[in-house]
Amino acid sequence: MTDPADRVLSRASLAEGNPTGWFDQLYTAAERGEAVVPWTRGEPNTDLADWVEPGEGRRALVVGSALGDDAELLASQGWAVTAFDVAPTAVKAAQARFPDSAVDYVVADLLDPPGEWRQAFDLVVEIINIQAMPREYRPAAIASLAGFLAPGGTLLVSEVAEESTDTETWVGPPWPFSRAEIESTAQDGVRLLSLETIREGTRYWAEFTR
């Protein structure tokens, strides 16, 4: 069986020491009809949809915004949304899908984010993005997440749960998260409010505040 494009591209990118370069390659291949982006569904994440509350103009940041579905959901509920992706092709596709959107779609790297984003957002949403990175890159990504959150804000983190997988035979990406990795988001003044497993134990859902 041929490996899917995301795994082929990620391995090549990681071999070059570039943990995020393959995302734009995948979106570009998908745009040409040569690959599938496995995490795009054409609709918002159902767990975020169950959680979402009125934003009342507060600022929200969507990490790894892909084709824009989660960002548009939050904007529809009154959040002032900034949505970023490391892949320029994904950002352009989201802007094309939602040409009249109020969302600010930008290209940015979670491993080297803009300094002005520090403690700037009342809501930060990270859903199944960091799990696409091998563990050695995750501490920097998690530190960025914590840094985005404004005092009194909410940070949502959801990743595939390691305890639901056979890690000895698992082939990534993605690479599941351990409970300790999720909990490590509680740093730099950020604290854990709740951590549960959802979707029959296959995914973590955690909420943090500062």
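A contact means heavy atoms within 4.5 Å. By that criterion, residues 24 or more positions apart account for 63% of the contacts in the protein chain with a separation of 6 or more. The model is predicted: local features need pLDDT of at least 70, side-chain atom pairs count only at pLDDT 80 or more, and totals for chains, interfaces and linings use all residues. Residues are numbered from 1 along each chain as its sequence is written, and side-chain values use heavy atoms, with hydrogens and water left out.

**The whole chain**

Begin with the full C-alpha trace, which spans about 50 × 40 × 35 Å along its principal axes. The radius of gyration (taken over C-alpha atoms) is 16 Å, close to the 17 Å that the globule rule gives for 210 residues, so the chain is as compact as a globular protein of that length. That rule is 2.2 Å times the number of residues to the power 0.38.

Colour next by secondary structure: there are seven helices and seven strands, where helices (H or I, at least four residues) and strands (E, at least two) are DSSP runs numbered from the N terminus. Their order from the N terminus is α-α-α-β-α-β-α-β-β-α-β-α-β-β. Of the 210 residues, 47% count as buried; buried means under 20% relative accessible area, exposed over 50%, and partly exposed in between (1.4 Å probe, protein chains only).

Select residues 61-153, which UniProt lists in an unreviewed entry as "domain: Methyltransferase"; such annotations may be inferred rather than shown by experiment. The end C-alpha atoms of this span lie 11 Å apart, and the span is 31% helix and 27% strand.

**The largest nonpolar core**

A nonpolar core is a set of buried Ala, Val, Leu, Ile, Met, Phe, Trp, Tyr and Cys residues joined through side-chain atoms within 4.5 Å. The largest has 27 residues, and F84, L110, V124, L145, F148 and I182 have the most contacts inside it. At least two residues each come from β1 (59-63), β4 (121-127), α6 (138-148), β5 (149-160) and β7 (203-209). The largest share, five residues, is supplied by α6. Another core, of 21 residues, lies apart from this one and includes A60, V62, V91 and W205.

**Helix α6**

Isolate α6: eight of its eleven residues are buried, so the helix is largely enclosed by the rest of the structure. Its buried residues pack against β1, β2 (80-85), β4, β5 and α7 (179-183). Centre on L145, which touches V63, L110, V124, E126, I130, L155 and V157, not counting residues up to four places away in sequence.

**The aromatic cluster**

Show F84, W117, F121 and F148, which form one aromatic cluster. Rings of Phe, Tyr and Trp (its six-membered ring) pair if their centres lie within 6.5 Å; planes under 30 degrees apart count as stacked, over 60 as edge-to-face and the rest as tilted. The structure holds four such pairs. The ring centres of W117 and F121 are 6.0 Å apart with the planes at 85°, so this pair is edge-to-face. W117 and F148 are also edge-to-face, at 5.9 Å centre to centre and 70° between the planes. W117 lies in the loop between β3 (104-107) and β4 and F148 in helix α6, so their pair ties together parts that are 31 residues apart in sequence.

**E181**

Finish at E181 in helix α7, which counts as buried at 12% relative accessibility. Its side chain makes a polar contact with the side chain of R135 (3.2 Å). A polar contact is a pair of N or O atoms within 3.5 Å; within protein, one must be able to donate a hydrogen and the other to accept it, and residues adjacent in sequence count only if both atoms are side-chain atoms. The E181 side chain also reaches the backbone nitrogen of S178 at 3.0 Å.
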